[in-house]
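Take a look at the chain below. This report walks through its domains, its ligand sites and some of its helix contacts.

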Amino acid sequence: MPEGKLCNKQTVDTKELLSALLNDKSGKQYYEEMNHLDVDSKALWGLIQKSCKSRLRTWLEICAHCGMCADSCFYYLANNRDPRQVPSYKIQSTLGELIRRKGNVDNAFMQMCMDTAYSKCSCCTRCGLYCPFGIDMGIMFGYLRGLLFSQGFTPWEMKIGTGMHRIYRAQMDVTTEDWVETCEWMVEEYEDDWPKLTIPIDEKNADIMYTVNAREPKHYPDDLAEAAVLFHIAGEKWTVPSEGWEETSLAMFAGDWAACKMQVEHVYAAMDRLKPKRMVVTECGHAYRATVIEGPYWAGLKSGQPPVESIHYVEWVAEALRTGKLKIDPAKKIKEPVTYQDSCNYIRNAGLGDIAREIMSYIAEDFREMSPCREHNFCCGGGGGLNGIGRYRQQRNIGLQVKRDQILATGAKMVIAPCHNCWDAIRDMEEIYHIGIKWSFLKPLLLNMVIVPDDLKPKEE
Ligand code: SF4
Ligand code: SF4
Ligand code: SF4
């Protein structure tokens, strides 16, 4: 059977196809069909010749097999230094072999590549810091995922995720109506406590266009309300777009390059339409990476920059605290020991380590660094889409042990994680390993300690 009904080389562009995938609980039929999926070697080799550029080819060729990258990978450490978890081995035995064989590989090889690309690499890019040649397996596995996607070898949840982006321009089935209604609903919920609170929609020429992770309107609408309250207290002139409000990209994790472009162009169109001075993205690492770092290239923007200046939420928070737009009540600073989960996507890949420490200096009395930290920090264990893939749950849980031990060594009771994926991974780690910690985004913490100007408080009855 060359092509399955659910598992095939086609992209998911209709609600019917998406619904069929969603109805296949845990992807049972999907993975069964994958066992029979043909590999179109000619098309695969054609794609490699067209898309595998000199940087990746050079990296594959110049690897000295020195093994210096081994200890940099948290999977290697978490799996008792299994030689099969050495970054260079993982990429040479998959992408390297695929190219050496000119795409002449079979179904079992492709499934091995998929299992390696998703369950042995979170694309955290840490190894690239430690290789003397800067060879970065995170970049290469991201590329390999794209080759696998073109042949239908993609985890079930990722195939659903790309379908969501293609159909809804969001990683979840949140329509424009759902989004606008959620904004209105949150204002209604919070306006008794915050008179004159608004979530302005489609305001032109605002100072800030705020964009989110679709999980917020879908599952955590209070996050949106908290963002609104903090902008309100800070006196910001801000807006959200009715279309182009979703920053994340499961398409990036899945290697669906066409959907990556569609998604990010939707956000850039909102910038072009509303002409804000700046865009602020919520507390999400991969959303920032997708829209601010990778997105301009997907969209073919020669500047390598989004159409307007775009910053991560932590940059806005640090600026608001520095300029006094947000003031912290010293009596309400966090007293218990607290640590910070440095996200690979905006700390390692965008250099925001100092910004995070600046925020800690305002809000935490006993801040403790993980070791290693900043750009050298280990992945939380759930990056690259791994948190959401049932097939690799066991491997993910083993990987979480490295983060568990890092947190335990700090003695902290609270982990601040301004990244959705990191937040999820740390929550799951606590549920599995019970080390007795709390975890939080910045917004609820800030709301508990910020000084509220009298004119923003509700009037006494
Ligand atoms: S450190 Fe670099 S050169 Fe050495 S094995 Fe790893 S990827 Fe290859
Ligand atoms: S990118 Fe991260 S997870 Fe992947 S091989 Fe390198 S260190 Fe390991
Ligand atoms: S989930 Fe967080 S720590 Fe893990 S790879 Fe993504 S940004 Fe890095």
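Which of the 15 residues around ligand 2 come nearest? They are Cys73, Cys121, Cys124, Cys127 and Gly138. Keep in mind that the model is predicted.

## The site of ligand 2

Two helices stand out here. Helix α6 spans residues 87-100, and α9 spans residues 137-150. Each supplies at least two residues of the shell around ligand 2.

The shell is mixed in class. It has nine nonpolar residues, four polar ones and two charged ones.

## The site of ligand 1

Ligand 1 has its own set of neighbours. A run of them goes Cys63, Ala64, His65, Cys66, Gly67, Met68 and Cys69. Pro87 and Ser88 join the shell too. Cys131, Phe133 and Ile135 complete the list.

Sorted by class, nine of these residues are nonpolar and three are polar. The shell around ligand 1 has no charged residues.

## How α6 meets α9

Both helices that help to surround ligand 2 also pack against each other. The axes of α6 and α9 come within 10 Å and cross at roughly 25°. The two helices therefore count as roughly parallel, since the angle is under 35 degrees. Their crossing is left-handed.

Which residues make the contact? From α6 come Pro87, Lys90, Ile91, Thr94 and Leu95. From α9 come Met137, Met140, Phe141 and Leu144. Seven residues of this contact are nonpolar, one is polar and one is charged. Pro87 has appeared before: it is also one of the residues around ligand 1.

## How α7 meets α9

Helix α9 has another partner. This is α7, residues 107-119. The axes of α7 and α9 are 10 Å apart, and the angle is about 140°. That makes α7 oblique to α9. This crossing is left-handed.

On the α7 side, the contact uses Met110, Cys113, Met114 and Ala117. On the α9 side, it uses Phe141, Leu144, Arg145 and Leu148. Phe141 and Leu144 also belong to the contact of α9 with α6. By class, the contact of α7 with α9 has seven nonpolar residues, one charged residue and no polar ones.

## Three domains

Now step back to the whole chain. The domain assignment gives domain 1 as residues 39-153, domain 2 as 169-300 and domain 3 as 330-449.

How many residues of domain 2 are in contact with domain 3? There are 16, and they meet 19 residues of domain 3. Helices α13 (221-234), α14 (250-254) and α16 (285-298) each give two or more residues to the domain 2 side. That side has eight nonpolar, three polar and five charged residues. The centres of domain 2 and domain 3, taken over C-alpha atoms, are 23 Å apart.

## The site of ligand 3

Ligand 3 has 15 residues around it. The nearest are Gly285, Cys344, Gly383, Asn421 and Cys422. Helices α16, α18 (344-348) and α21 (420-433) each supply at least two residues of the shell. Which helix gives the most? It is α21, with three residues.

Recall that α16 also helps to form the side of domain 2 that touches domain 3. The shell around ligand 3 has seven nonpolar residues, eight polar ones and no charged ones.

## How α11 meets α13

Helix α13, named above for the contact with domain 3, also packs against α11. Their axes come within 9 Å and cross at roughly 65°. That makes α11 roughly perpendicular to α13. The crossing is right-handed.

In α11, the residues that meet α13 are Thr182, Cys183, Trp185, Met186, Glu189 and Tyr190. In α13, the partners are Pro221, Leu224, Ala225, Ala228 and Val229. This contact has nine nonpolar residues, one polar residue and one charged residue.

## Two backbone details

Two spots in the backbone deserve a look. A cis peptide bond joins Ser371 and Pro372, with omega at about -5°. Pro372 lies in the loop between α19 (353-363) and α20 (393-410).

The other spot is Lys196. Its phi is positive, about 70°, although Lys196 is not a glycine. Where does Lys196 lie? Look in the loop between α11 (176-190) and β1 (208-211).

Technical notes:
Residues are numbered from 1 along each chain as its sequence is written. Chains are lettered from A and ligands numbered from 1 in the order in which they are written. This is a predicted model: local features need pLDDT of at least 70, side-chain atom pairs count only at pLDDT 80 or more; totals for chains, interfaces and linings use all residues. A residue is near a molecule or strand if its C-beta atom, placed from the backbone, lies within 6 Å of it. Ala, Val, Leu, Ile, Met, Phe, Trp, Tyr, Cys and Pro count as nonpolar, Asp, Glu, Lys and Arg as charged, and the others, Gly among them, as polar. Helices (H or I, at least four residues) and strands (E, at least two) are DSSP runs, numbered from the N terminus. Domain bounds come from an automatic or database domain assignment. Two residues are in contact if their C-beta atoms, placed from the backbone, lie within 7 Å. Axes are lines fitted to C-alpha atoms, for helices over the stretch in contact, and angles run from 0 to 180 degrees between N-to-C directions. Angles under 35 degrees count as roughly parallel, over 145 as roughly antiparallel, 65 to 115 as roughly perpendicular and the rest as oblique. A crossing is left-handed if the near helix is turned anticlockwise from the far one by less than a right angle, and right-handed if clockwise.
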